[in-house]
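Hello,

Here is the structure we talked about handing over. Please open it first, then read the notes below.

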Amino acid sequence: MKRRYTVLALVAGVHATAGLIVLAQSQSASQAAAGANKGGTATPQGTGAGPFVTLFQSKSLEPDIQHGAVIAAQGTAAGAPACAQCHAYNGVSDASGAFPRIAGQSRSYLAKQLNDFASGVRNNALMTPIAKALNADDIRDVTAYYAGTNGPALPLKPPDPALVKRGEALAKIGSAEKQIQSCNNCHGPGGVGESPAIPYLAGQYSNYIAFTLREWRRGYRKNSSDQMAVVAHKLNDRDIAAVAAYYQQVASPVKVAELQPKE
Ligand code: HEC
Ligand code: HEC
């Protein structure tokens with residue numbers, strides 16, 4: 001059975017209190033998947049096998065990138081939908097920010113998230129059933145595939161400069177007054193991530209960053225409770241809007257596709 005989803009993600013800007021995600025079945029192809037098939041190259045990333053549990057359950061330690069690419073494009077026989085419907089084949093998702101950019105995140109971070117969705121430490125109406133439908137080999141292969149993609153950053157509207165400035169201070173310096181250490185302390189200089197455990201924030205969509213920080217604050221995202229939940233609880237709504245706006249406009253290691261005028 002091949003099901004297609006239309007996902008209406010009503011994420012009303014970084015000031016909204018919650019991103020509301022409505023899932024509906026439909027005949028039409030997802031917009032997220034359309035027209036985003038460029039630039040995804042599947043090369044294994046040298047992040048090491050990583051001692052996550054699923055690897056011990058799977059038959060082989062070597063990921064099958066080709067199999068991972070098929071899952072991304074078509075889903076699995078066991079019922080997981082094509083990841084490309086929401087994350088695009090090249091992992092850049094779409095500019096709404098309802099779906100995180102996953103291109104080039106480390107294998108072990110991506111696999112940890114899938115296992116956390118499946119176990120319920122992280123909860124999401126869309127991702128939980130999808131993660132549960134993947135077996136250990138699927139997770140090993142599809143995460144290896146997306147870790148090797150480097151789709152371009154999409155061109156996005158410029159954010160409010162005052163918000164970006166405030167976000168930059170939190171990201172680079174933190175706040176002595178609120179006892180928040182700088183985000184880049186853990187997320188690496190420029191927010192490029194500390195592979196394998198800590199994800200990049202540079203170039204991540206602001207709506208998604210704000211959404212997931214609020215999930216930690218509300219206790220819906222319970223993974224890494226000792227690190228990120230602690231940080232998230234110290235951030236007020238304006239802090240969240242500020243760091244989210246800041247990181248979205250930090251150049252990710254992959255540049256915005258250059259726009260060339262045609263003669
Ligand atoms: C119907 C839409 C949809 C499909 C299809 C989908 N995802 Fe997701 N995915 C989401 C949403 C929404 C989130 C954010 C959930 C949240 O933060 O609570 C997400 C989050 C994730 C994350 C966490 C990323 C991070 O930065 O923490 C991973 C990993 C992921 N998806 C992998 C996959 C894989 C692999 C597939 C295909 C097998 C897939 N997704 C298919 C909607 C989708
Ligand atoms: C003490 C280390 C530490 C600090 C400081 C820290 N983080 Fe994190 N962050 C982590 C870890 C570890 C993860 C991965 C959690 C997991 O495994 O799900 C993470 C994940 C995240 C994610 C999820 C990204 C995704 O793709 O889902 C966001 C957003 C984030 N951090 C934002 C911030 C912001 C903003 C700050 C500063 C205000 C910050 N972090 C400071 C350790 C830290």
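At what angle do the axes of H4 and helix H6 cross, and how close do they come? They cross at roughly 135° and come within 8 Å. Please keep in mind that this is a predicted model.

**Helix packing**

H4 and H6 (residues 136–147) are therefore oblique to each other. The crossing of H4 past H6 is right-handed. On the H4 side, the contact uses Arg 107, Leu 110, Ala 111 and Leu 114. On the H6 side, they meet Ile 139, Thr 143, Ala 144, Tyr 146 and Ala 147. By class, this contact of H4 with H6 holds seven nonpolar residues, one polar and one charged.

Next, look at helix H7 (residues 161–172) and helix H11 (residues 237–249). Their axes are 7 Å apart, and the packing angle is about 90°. That makes H7 roughly perpendicular to H11. From H7, the residues in the contact are Leu 163, Val 164, Arg 166, Gly 167, Glu 168, Leu 170 and Ala 171. From H11, they are Asp 239, Ala 241, Ala 242, Val 243, Ala 245, Tyr 246, Tyr 247 and Gln 249. Sorted by class, the contact of H7 with H11 has ten nonpolar, two polar and three charged residues.

The third pair is H9 and H10. Here the angle is about 95°, with the axes 8 Å apart. H9 is thus roughly perpendicular to H10. H9 brings Leu 213, Trp 216 and Arg 217 to the contact. H10 brings Met 228, Ala 229, Ala 232 and His 233. Five residues of the contact of H9 with H10 are nonpolar, one is polar and one is charged.

**Ligand 1**

Ligand 1 is surrounded by 26 residues. The closest are Cys 83, Cys 86, Pro 100, Gln 113 and Asn 124. Five elements give two or more residues to this shell: strand S1 (5–10), helix H3 (84–87), helix H4 (107–119), helix H5 (127–133) and helix H9 (206–218). The shell around ligand 1 has 20 nonpolar residues, five polar and one charged.

Where does ligand 1 lie with respect to domain 1 and domain 2? Domain 1 (65–147) and domain 2 (161–259) both give residues to its shell, so ligand 1 lies between them.

**Ligand 2**

Around ligand 2 there are 22 residues. Cys 183, Cys 186, Ser 224, Gln 227 and Val 243 are the closest. The elements giving two or more residues to this shell are helix H8 (183–187), H9 and helix H10 (225–233). Which of them gives the largest share of the shell around ligand 2? H8 does, with four residues. By class, the shell around ligand 2 has 14 nonpolar, seven polar and one charged residues.

Some names recur here. H9 gives two or more residues to the shell around ligand 1, and also to the shell around ligand 2. Val 243 is among the closest residues to ligand 2 and also takes part in the contact of H7 with H11.

**Two backbone details**

Look at the loop between H8 and H9, where Pro 196 lies. A cis peptide bond joins Ser 195 to Pro 196, with omega at about 10°.

Then go to the loop between H7 and H8, where Gln 179 is found. Gln 179 is not a glycine, yet its phi is positive, at about 55°.

Best regards

Note on methods: Residues are numbered from 1 along each chain as its sequence is written. Chains are lettered from A and ligands numbered from 1 in the order in which they are written. This is a predicted model: local features need pLDDT of at least 70, side-chain atom pairs count only at pLDDT 80 or more; totals for chains, interfaces and linings use all residues. A residue is near a molecule or strand if its C-beta atom, placed from the backbone, lies within 6 Å of it. Ala, Val, Leu, Ile, Met, Phe, Trp, Tyr, Cys and Pro count as nonpolar, Asp, Glu, Lys and Arg as charged, and the others, Gly among them, as polar. Domain bounds come from an automatic or database domain assignment. Axes are lines fitted to C-alpha atoms, for helices over the stretch in contact, and angles run from 0 to 180 degrees between N-to-C directions. Angles under 35 degrees count as roughly parallel, over 145 as roughly antiparallel, 65 to 115 as roughly perpendicular and the rest as oblique. Two residues are in contact if their C-beta atoms, placed from the backbone, lie within 7 Å. A crossing is left-handed if the near helix is turned anticlockwise from the far one by less than a right angle, and right-handed if clockwise.
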